[in-house]
Amino acid sequence: MIREILQKYNLYDYKYKLIHITGTNGKGSVGKYISTGLFSSGKSVGHFQSPHILKENERISYNLKNITDNEFEIYKRKVLDIENKEKVEFTYFEKFFVMAMLYFKDKNPEYVVMEVGIGAKDDVTNLLNKKRLCVFTKISIDHKKRLGNTIEDIAKNKSYLMRDNVDNVSIYQKESVEEILKQKAKGNIDFVEKSNIKITKDGFYYKDYYFNKNIPNYKMENIALSIRALEKLNISLDNEILNNILNTNLIGRFQIVRENPTIIVDGAHNDGAITSLFQNFDKKVYVIFQSRFDKDIEKSFNIVKENSKEIVITYIKDVKGHSFDNYKKMNLEDAINYFLDKSTKDDIILITGSLYLVADALKILE
């Protein structure tokens with residue numbers, strides 16, 4: 001039914017160039033970096049992302065500014081009017097997707113940067129065919145019930161993002177995943193090679209581009225992928241654009257909220273993201289952890305255990321979590337204070353496991 005609604009309300013074919021992003025980890029960062037690069041080069045750009053951390057407005061932006069509260073209410077009403085008129089009830093994600101498409105139609109950006117919800121094959125965003133570029137962030141195992149039990153199954157699902165005669169770019173992947181993407185793309189895919197990302201004492205290179213800032217490893221990869229995407233869009237990259245991308249930060253992604261001791265919040269919630277997260281520490285850290293009950297977190301939690309000085313299990317507001325026997329359990333504010341009391345100024349306190357947990361933490365800490 002939603003396909004017919006998109007056609008009826010002319011949400012398919014108005015003038016924009018679609019950059020469509022899938023993957024398991026990094027979609028939000030890559031979408032933000034590409035949007036920043038496009039806007040910094042003088043292009044108008046709409047951006048649709050999920051989930052939000054603190055406020056639903058974060059999901060829809062135009063020229064790097066979130067939809068305003070007033071606009072949000074106007075377009076929320078428009079979506080409700082469509083539901084009533086067409087006698088349908090959209091899912092939570094579909095409501096935002098339709099809202100974004102209505103908003104972008106009125107704003108008329110040259111580019112729309114859009115993240116999938118889950119996977120690609122059956123994702124509502126994949127009803128859109130007018131694609132200029134498909135972007136694949138790091139693929140790992142997540143959403144098994146929806147996408148498949150193996151990384152190869154998940155890669156096949158995500159490969160359905162592609163269309164004939166549309167360019168594709170990807171970060172380097174597991175060899176079997178790269179083969180699946182190459183086959184689906186019929187060879188029309190560029191991979192960011194790991195060897196092209198070189199870490200220096202004060203920053204890193206991606207090919208001939210130098211970034212004078214020490215940042216987490218996975219942010220380097222996401223920036224490199226974003227630059228490759230912008231190159232495929234024939235965007236000329238100067239130092240100002242590159243610096244704007246480098247200094248773009250996302251809420252809840254390796255976000256340092258306090259120092260002495262350092263408190264970091266990060267929404268890593270699957271094996272790949274947790275692995276990448278802990279690669280950024282050269283010592284063991286204090287961890288406050290919780291994850292949604294429907295997440296398979298055995299491997300993730302083993303990584304947490306290996307890299308932690310101590311773990312406290314907490315609770316997420318309005319979200320059922322895992323039980324975690326044999327660990328200290330505290331509400332989030334008490335857990336933060338517990339580690340603050342026993343930390344030195346050189347210690348790191350990491351709050352991770354869920355974007356929902358990150359949202360709770362930021363409300364307490366900020």
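This passage walks through the ring contacts, the salt bridges and one pocket of the structure shown above. The model is a predicted one, and every value below was computed from it.

Aromatic rings make a handy starting point. A pair of aromatic rings is described by the distance of the centres and the angle of the planes. In this structure, 18 aromatic pairs turn up. One of them brings F48 and F97 together, with 6.2 Å from centre to centre and 55° between the planes, which makes the pair tilted. F48 sits in strand β2, residues 45-48, while F97 belongs to helix α4, residues 92-107, so this pair ties together parts that lie 49 residues apart in sequence. Are these two rings' residues buried or exposed? F48 has a relative accessibility of 0% and therefore counts as buried. F97 also comes out at 0% and is likewise buried.

The pair made by F278 and F281 has its ring centres 6.0 Å apart, and because the planes stand at 65°, over the 60 degrees needed, the pair is edge-to-face. F278 is buried, with 5% relative accessibility. F281 has 14%, and because buried means under 20%, F281 falls in the buried class too. These two residues are also part of a bigger picture: ring pairs link Y218, F254, F278 and F281 into a cluster.

Rings can also have a charge sitting over them. K138 lies over the face of Y172, 3.5 Å from the ring centre. Over the face of F293 lies K320, at 5.0 Å from the centre of that ring.

Next come the salt bridges, and the count for the structure is 19. Take D81 and R77, whose side chains meet in a salt bridge with an N to O distance of 3.9 Å. Both are found in helix α3, residues 69-86, and because they are 4 residues apart there, about one helical turn separates them. D81 is partly exposed, with a relative accessible area of 39%. Its partner R77 is partly exposed as well, at 46%.

Another salt bridge joins K174 to E152, this time with 3.6 Å from N to O. Where do the two partners lie? K174 is in the loop between β7 (167-171) and α7 (175-185), and E152 is in helix α6 (residues 151-159), so the salt bridge ties together parts that are 22 residues apart in sequence. K174 has a relative accessible area of 49%, which leaves this lysine partly exposed. E152, at 24% relative accessibility, counts as partly exposed.

Helix α7 has a salt bridge within it: K182 and E179 both lie in this helix, 3 residues apart, or about one turn. Their side chains meet at 3.7 Å, N to O. K182 is partly exposed, with 34% relative accessible area, and E179 is partly exposed with 43%. Elsewhere, salt bridges don't just come as separate pairs. D190, K207, R228, E231 and K232 are joined into one network by salt bridges that share partners.

Now for the empty space. Rolling a probe the size of a water molecule over the atoms shows where empty space is left. The second largest pocket has a volume of about 410 Å³. Which residues lie nearest its centre? They are N214, I215, P216, K219 and F254, out of 19 residues that line this pocket. F254 thus appears in two places, since this residue also belongs to the ring cluster with Y218, F278 and F281.

Several elements contribute to the lining of the second largest pocket. At least two residues each come from α2 (27-40), α8 (217-232) and β12 (255-258). The top contributor is α8, which gives 5 residues. Sorted by class, the lining has 8 nonpolar, 8 polar and 3 charged residues.

A last stop is N260, in the loop between β12 and β13 (262-266). At 56% relative accessibility, N260 counts as exposed, because the exposed class covers values over 50%. N260 and D346 are 86 residues apart in sequence, yet 6.3 Å apart in space, going from C-alpha to C-alpha.

Conventions:
Residues are numbered from 1 along each chain as its sequence is written. This is a predicted model: local features need pLDDT of at least 70, side-chain atom pairs count only at pLDDT 80 or more; totals for chains, interfaces and linings use all residues. Side-chain values use heavy atoms; hydrogens and water are left out. Rings of Phe, Tyr and Trp (its six-membered ring) pair if their centres lie within 6.5 Å; planes under 30 degrees apart count as stacked, over 60 as edge-to-face and the rest as tilted. Buried means under 20% relative accessible area, exposed over 50%, partly exposed in between (1.4 Å probe, protein chains only). A charge sits over a ring if NZ of Lys or CZ of Arg is within 6 Å of the ring centre and within 35 degrees of the ring normal. A salt bridge is a side-chain nitrogen of Lys or Arg within 4 Å of a carboxyl oxygen of Asp or Glu. On a 1 Å grid over the protein atoms alone, a cavity is a set of points where a 1.4 Å probe fits but cannot get out, and a pocket is an open set with protein on both sides within 12 Å along at least five of seven lines; lining residues have an atom within 4 Å of a point. Grid points are joined across faces, edges and corners, and a volume is the space filled by probe spheres set on the points. Ala, Val, Leu, Ile, Met, Phe, Trp, Tyr, Cys and Pro count as nonpolar, Asp, Glu, Lys and Arg as charged, and the others, Gly among them, as polar.
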